[in-house]
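Colleague: I have a model open and would like to know how its descriptions are reached. Could you take me through the reasoning?

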Amino acid sequence: MRIVLVLRLIVLALLVAFIIAPQGFAPLFAPLTRFDAPPIYTQTSILSLTLSHLGIVAVATLAATVIAVGFAILVTRPFGEEFLPLSRAVANIGQTFPPVAVLALAVPVLGFGTGPTLVALFLYGLLPIFENALTALTGLSPAVREAARGSGMTGWQRLVQVELPLAFPVILAGIRLSAVISLSTATIGSTVAARTLGEVIIAGLLSGNTAFVLQGGLVVGALAVLIHDGFVAFESLVTRRTGGAARDFETSVS
Amino acid sequence: MIEIENLTKLYDGRAVVDDVTLTVPAGEIAAIVGTSGSGKTTLLRMINRLVEPSSGSIRIDGRDNRDVPAHELRRHIGYAIQGHGLFPHQDVARNIATVPRLLGWDKRMISERVDELLALFQLDPAEYRKRMPHELSGGQKQRVGVARALAAGPSVLLMDEPFGALDPIIRHKAQEDLLDIQRRLGTTIVLVTHDMDEAVRLGNRIAVMSEGRVRQYARPEEIIAAPADDFVLAMLGTGDRAFRLLSLRTVAEALEAGEAEGTPIVDTASLREAYAEMLWSRRAALPVSRAGALVGRVTRAACEKAATRQP
């Protein structure tokens, strides 16, 4: 465990150093370039691209969380049960549609830029969160549900005091999946002029500069690993808080 | 007091509970016994309206249970279930405080009540308040579950196989504790069980249910001595009904003047225990003690008389 933690700290330190002062890494990337091409992407600062990338992912994931959890709550209430199959189907379609196709279809409507990327990431992020929220909310122990009803809680009180706290770790696992997928998918947003780290990779591909492709890929990969780890740590903390209740569930998507 | 009148519950046109009428007097324990699918749990759940009846009515302390919204009704009726149903994300104190919190008691009052209940169930408040449910043994969870059901001081407590998940030794102790607490608080209890021994031990009255109907509702002695039909007889089993009768009486009830040899038996023991002891130690009579002093004796003849079918 120690070694893993040290490795993560090293990855984090390297990542931060590269984002803030990429020129310092020029000698490392220089061997990958040909014909004296620049080893470090300087068209736009890596820092601003990273922040914009993270911002787009955060907004899309947050929106997907609100909608997916909201729908999962609705279709697990007595009045919403009829919509359970329908909402599942809609979320599944969102997942099967390739993000590139979503981009292509969204550009004529929303124009170039961040808009279509947000839409694609949002649609793509819905399913993992929705499925996990649904599993968590429908998988609560029947004795616990019965006790909550029997003690005289209203529907709202049961949701807020019992169901959501117990479902939280599993919902969190869904958000983690969604965020990590979005983080990598966001790179293709640069094909429609969204400001993401994909810009570095695409610039490298267009100019045959392997150094650009590698540094773009490495930054996205390191971000994904660190965010994934952060979520896992938070999940296990929350799970311990809820008395290990979430250990009864197996997440449906991961 | 709980008055159930012509209560029926239909599922898809089939009567799960079929025209049941029975009254549980205040401060008594009514045990509902039956096989699975007999409708006993549905009957229980209609009392606090977890299930709404198709027809008929239930009055609790004279008031129709449909007079107030269901969730408010439930806050005034204790409910303890098999597998305890403790909220795994809340500590013991918060679990017990569930209903008082819903009723809006103030914090100090809730905290005092939690300590009082923990003490009543022989759990040291200082040690157990902050424990999470997964840090408790099965018997402790069950006790916390019943403590939670009693937290707001309800006059009625409903229990659905509350001891079903416990091993025999802990179950025996839990049953004794329940009787003790019920005597102290005077709570009216309706308890569902599939175990006739448990019903005989705990019930002031027993309702035997089958196919949605109450076959017999009477005191345990009457049920044992005169089962209403073959189903009740089958539920009882004929092999040890004499011993069941003995287990209902205490030594004090068969006490007579005189002396006997050997170690005495306490007068709160059942005649079943006294008779077993006589057989085991080859004695015709046992001396009886009360609070450490000898008060008389109990004889084999008295036990045998108590175990015979009454005409």
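Modeller: Gladly! Two residues are in contact if their C-beta atoms, placed from the backbone, lie within 7 Å. Please keep in mind that this is a predicted model.

Colleague: Which residues does A:Ile171 contact, leaving aside its neighbours within four places in sequence?

Modeller: By that cut-off, A:Ile171 is in contact with A:Val69, A:Ile129, A:Asn132, A:Ala133 and A:Ala136. A:Ile171 also belongs to the largest nonpolar core.

Colleague: What makes a group of residues a nonpolar core?

Modeller: The members are buried residues of the nonpolar kinds, such as Ala, Ile and Phe, joined through C-beta atoms within 7 Å. Here 144 residues meet that test in the largest core, and those touching the most other members are A:Phe130, A:Ala133, A:Ile171, B:Ile32 and B:Val190. Helix α6 (residues 114-138) of chain A supplies the largest share, 15 residues.

Colleague: Why do you say that this core lies between domain 1 and domain 2 of chain B?

Modeller: Because domain 1 (2-239) and domain 2 (243-306) of chain B both give residues to it, the core is placed between them.

Colleague: How many residues of these two domains are in direct contact?

Modeller: Four residues of domain 1 of chain B are in contact with four of domain 2 of chain B. On the domain 1 side, helix α10 (residues 220-225) of chain B gives the largest share, three residues. That side has three nonpolar, no polar and one charged residues. Taken over C-alpha atoms, the centres of the two domains are 33 Å apart.

Colleague: What makes β11 and β13 of chain B edge strands?

Modeller: Each of them pairs on one side only. The open sheet has three strands in the order β11-β12-β13 (chain B), with mixed pairing.

Colleague: How do you know that β12 and β13 of chain B pair?

Modeller: Pairing needs at least two bridges, and six join β12 (residues 285-290) of chain B to β13(B), so the two count as paired. They run antiparallel, and B:Arg290 has B:Ala293 in β13(B) as its bridge partner. Helix α13 (residues 271-281) of chain B packs on the sheet, touching β11, β12 and β13 of chain B, and its direction makes about 135° with that of β12(B).

Colleague: And which residues make up the contact of chain B with chain A?

Modeller: It takes 20 residues from chain B and 18 residues from chain A. On the chain B side, α2(B) gives the most, with four residues. By class, that side divides into nine nonpolar, eight polar and three charged residues.

Methods
Residues numbered from 1 in each chain as written. Chains lettered and ligands numbered in written order. Predicted model: local features only at pLDDT ≥ 70, side-chain atom pairs only at ≥ 80, totals over all residues. Nonpolar A, V, L, I, M, F, W, Y, C, P; charged D, E, K, R; others polar. Axes fitted to C-alpha atoms, helices over the stretch in contact; angles between N-to-C directions. Domains from an automatic or database assignment. Buried ≥ 20, exposed ≤ 12 C-beta atoms within 10 Å, placed from the backbone.
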